[in-house]
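The following exercises concern a predicted model. Please examine the sequence and the coordinates before attempting them.

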Amino acid sequence: RLAISNQLFARPGVEARVACNGQEALDIVRKLADQGEPPFDLVLLDNQMPVLDGAECCRRLRAMGFADVCIIGMTGDPTGSSDRAAFERAGLDACVDKTMDGLEAVRARITAMMLAVEPPDAG
């Protein structure tokens, strides 16, 4: 699963950081913020991350002040399940399935974000 997800970021202009669990993700974001680095444009969370699940990680990121960061959740939980509903209510901007369609939705969001910040062609 990780290898497929990482392929989404293997493109020019996209810098990716990988965390092995939710606590590590928070630690990375907190360290960058403490160093005055700009926040991530997008955070991709798995709902079933070890140590700190995706829903709690999302809540804590929002509580840290990252209201403008796009947070997308990925889950294998079926639509209508209580775990998925709790994840969606945690402050996600979008929640996608762990399917090829879900990965394509994330890829489309990344592409749209890149196009929004790229300078226009000079010629």
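Three exercises follow, each with a worked solution.

**Exercise 1.** Determine the strand order of the open sheet and state how the strands pair.

*Solution.* The three strands of this open sheet run in the order β1-β2-β3, and their pairing is parallel. Pairing on one side only identifies β1 and β3 (94-97) as the edge strands. From one strand to the next, the twist averages 25°. Four bridges link β2 and β3; within β3, Cys95 is the bridge partner of Gly73. Next, consider the helices. On the sheet packs α3, which touches β1 and β2 and whose direction makes about 150° with that of β1. The helix α4 also packs on the sheet, in contact with β1, β2 and β3, at about 145° to the direction of β3.

**Exercise 2.** Which members of the largest nonpolar core touch the most other members?

*Solution.* This core has 18 residues, and the members in question are Leu45, Cys57, Leu61 and Ile71. At least two core residues come from each of α2 (22-34), β1 (42-46) and α3 (54-63). The largest share, four residues, belongs to α3. A separate second core of 10 residues includes Cys70, Val96, Ile110 and Met114.

**Exercise 3.** Establish whether Asp77 is buried or exposed, and check for a salt bridge.

*Solution.* First, locate Asp77: the residue lies in the loop between β2 (70-75) and α4 (82-89). Asp77 is buried. The nearest side chain of opposite charge, Arg84, is 7.1 Å away. A salt bridge requires a distance within 4 Å, so Asp77 has none. Beyond four places in sequence, the residues touching Asp77 are Asn47, Gln48, Asp83, Arg84 and Asp97.

Key:
Residues numbered from 1 in each chain as written. Predicted model: local features only at pLDDT ≥ 70, side-chain atom pairs only at ≥ 80, totals over all residues. Heavy atoms only, no water. Buried < 20%, exposed > 50% of the residue type's maximum accessible area, 1.4 Å probe, protein only. Lys, Arg positive; Asp, Glu negative; His and termini not counted. Contact = heavy atoms within 4.5 Å. Core = buried A, V, L, I, M, F, W, Y, C linked by side-chain atoms within 4.5 Å. Pairing = 2+ DSSP bridges. Axes fitted to C-alpha atoms, helices over the stretch in contact; angles between N-to-C directions.
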